[in-house]
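User: I'd like to go through this structure with you, starting with pockets and then moving on to contacts and backbone details. Could you take it step by step?

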Amino acid sequence: NDVSALHYNLGGLSKLNATDAVFTHLDWLEDTNLEYFGIAQPLFGGVVGGSLTYFHVPMFSRYDNWGATEGNLSLSDLATTFAYARQIGGFGLGAGLKFVTRKVSDFGIAAFCFDVGMQKQIPDFTIPLGGKKLVVSGLMTGASIQNVGYSSENSLPLNIKVGISYL
């Protein structure tokens, strides 16, 4: 239920009631870097958000099957997402358009896809337990489908997530 919902489940954006932003920098193995920036703002009766994810592997040597150097390679991925979410009938619903690119040295591919997400607060309920009653509250359910789309070169991996959480 914060701006990170741009990455995990767009339905979570619908609960934002103020501007929210996040920036992440991750130095990983062998100088590999991951950058993430996301921002969301209540607007147009819901929440509008956008994010940018950049993954970069620095230049490294390329070898043939016999171990001889064939030059250098570099790798980078870039994904931009623009999304809108709102509460409808007790459900947090969100949808977004994503543009993804991958570049390996001089070769690159690109794809457009979309993501959808849903969250729903489960109403409190009671469970009888040996003559006592246990009240269960704070449960949330959610689902998201990511990377639905088209690429002229390669298809993106379809990602389907369903879950329950305790708040």
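Analyst: What follows covers the pockets, a surface patch, the salt bridges and some backbone details of this model, which is a predicted one.

User: Good. What is the volume of the largest pocket?

Analyst: The volume of the largest pocket comes to about 770 Å³. Its lining is made up of 33 residues, of which Thr53, Asp77, Ala79, Lys98 and Val100 are the closest to the centre.

User: And which elements give two or more residues to the lining of the largest pocket?

Analyst: Those elements are helix 1 (5-8) together with strand 2 (33-43), strand 3 (46-63), strand 4 (69-88), strand 5 (91-104), strand 6 (107-121), strand 9 (139-150) and strand 10 (159-166). In terms of residue class, the lining of the largest pocket holds 15 nonpolar, 13 polar and five charged residues.

User: What about the second largest pocket, which residues are closest to its centre?

Analyst: The second largest pocket has a volume of about 240 Å³, and of the 18 residues in its lining, Tyr8, Asn9, Gln119, Gly142 and Ala143 are the closest to its centre. Helix 1, strand 9 and strand 10 each contribute at least two residues to that lining, which divides by class into six nonpolar, 10 polar and two charged residues.

User: Back to the charged residues. How many salt bridges does a search of the whole structure find?

Analyst: The search of the whole structure finds three salt bridges. One of them joins Arg102 and Asp77, with 2.7 Å from N to O. Because Arg102 belongs to strand 5 and Asp77 to strand 4, this pair ties together parts that are 25 residues apart in sequence.

User: Is Asp77 buried or exposed?

Analyst: Asp77 is buried, its relative accessible area being 19%, which puts it just inside the class, since buried means under 20%. Its partner Arg102 counts as partly exposed, at 42% relative accessibility. Asp77 is also among the residues closest to the centre of the largest pocket.

User: Lys98 was in that list too. Which residue forms a salt bridge with Lys98?

Analyst: The partner of Lys98 is Asp115, and the closest N and O atoms of the two are 3.1 Å apart. Asp115 is in strand 6 and Lys98 in strand 5, so this salt bridge ties together parts that are 17 residues apart in sequence. Both Asp115 and Lys98 are buried.

User: And what about Arg62, which residue does it form a salt bridge with?

Analyst: Arg62 forms a salt bridge with Glu70, where the closest N and O atoms are 3.4 Å apart. Arg62 is partly exposed at 41% relative accessibility, and Glu70 is likewise partly exposed, with a relative accessible area of 44%.

User: Changing topic to the surface: which residues make the nonpolar surface patch?

Analyst: The patch, of about 370 Å², is made by Phe23, Phe37, Ile39 and Leu52. Phe23 sits in strand 1 (residues 20-27), and its relative accessible area of 57% makes it exposed.

User: Now the backbone. What is the phi of Phe44?

Analyst: Phi of Phe44 is near 55°, which is a positive value in a residue other than glycine. Phe44 lies in the loop between strand 2 and strand 3, where, at 68% relative accessibility, Phe44 counts as exposed.

User: How about Asn147, where is that placed?

Analyst: Asn147 is placed in strand 9, and its phi, near 70°, is again positive in a residue other than glycine. With a relative accessible area of 17%, Asn147 is buried.

User: Staying with strand 9, how many residues apart along the chain are Val148 and Cys113?

Analyst: Val148 and Cys113 are 35 residues apart along the chain, while their C-alpha atoms are separated by 5.2 Å. Val148 is found in strand 9 and is partly exposed, with a relative accessible area of 26%.

User: And Ser144, buried or exposed?

Analyst: Ser144, which also lies in strand 9, counts as buried at 4% relative accessibility. The C-alpha atoms of Ser144 and Ile160 are separated by 5.8 Å, with the two residues 16 apart along the chain.

How values were computed. Residues are numbered from 1 along each chain as its sequence is written. This is a predicted model: local features need pLDDT of at least 70, side-chain atom pairs count only at pLDDT 80 or more; totals for chains, interfaces and linings use all residues. Side-chain values use heavy atoms; hydrogens and water are left out. On a 1 Å grid over the protein atoms alone, a cavity is a set of points where a 1.4 Å probe fits but cannot get out, and a pocket is an open set with protein on both sides within 12 Å along at least five of seven lines; lining residues have an atom within 4 Å of a point. Grid points are joined across faces, edges and corners, and a volume is the space filled by probe spheres set on the points. Helices (H or I, at least four residues) and strands (E, at least two) are DSSP runs, numbered from the N terminus. Ala, Val, Leu, Ile, Met, Phe, Trp, Tyr, Cys and Pro count as nonpolar, Asp, Glu, Lys and Arg as charged, and the others, Gly among them, as polar. Patches are made of residues with over 30% relative accessible area and no salt bridge: like charges are joined within 9 Å, nonpolar side chains (Val, Leu, Ile, Met, Phe, Trp, Tyr) within 5 Å. Accessible areas come from the Shrake-Rupley method with a 1.4 Å probe; for residues, only the protein chains shown count as cover. A salt bridge is a side-chain nitrogen of Lys or Arg within 4 Å of a carboxyl oxygen of Asp or Glu. Buried means under 20% relative accessible area, exposed over 50%, partly exposed in between (1.4 Å probe, protein chains only).
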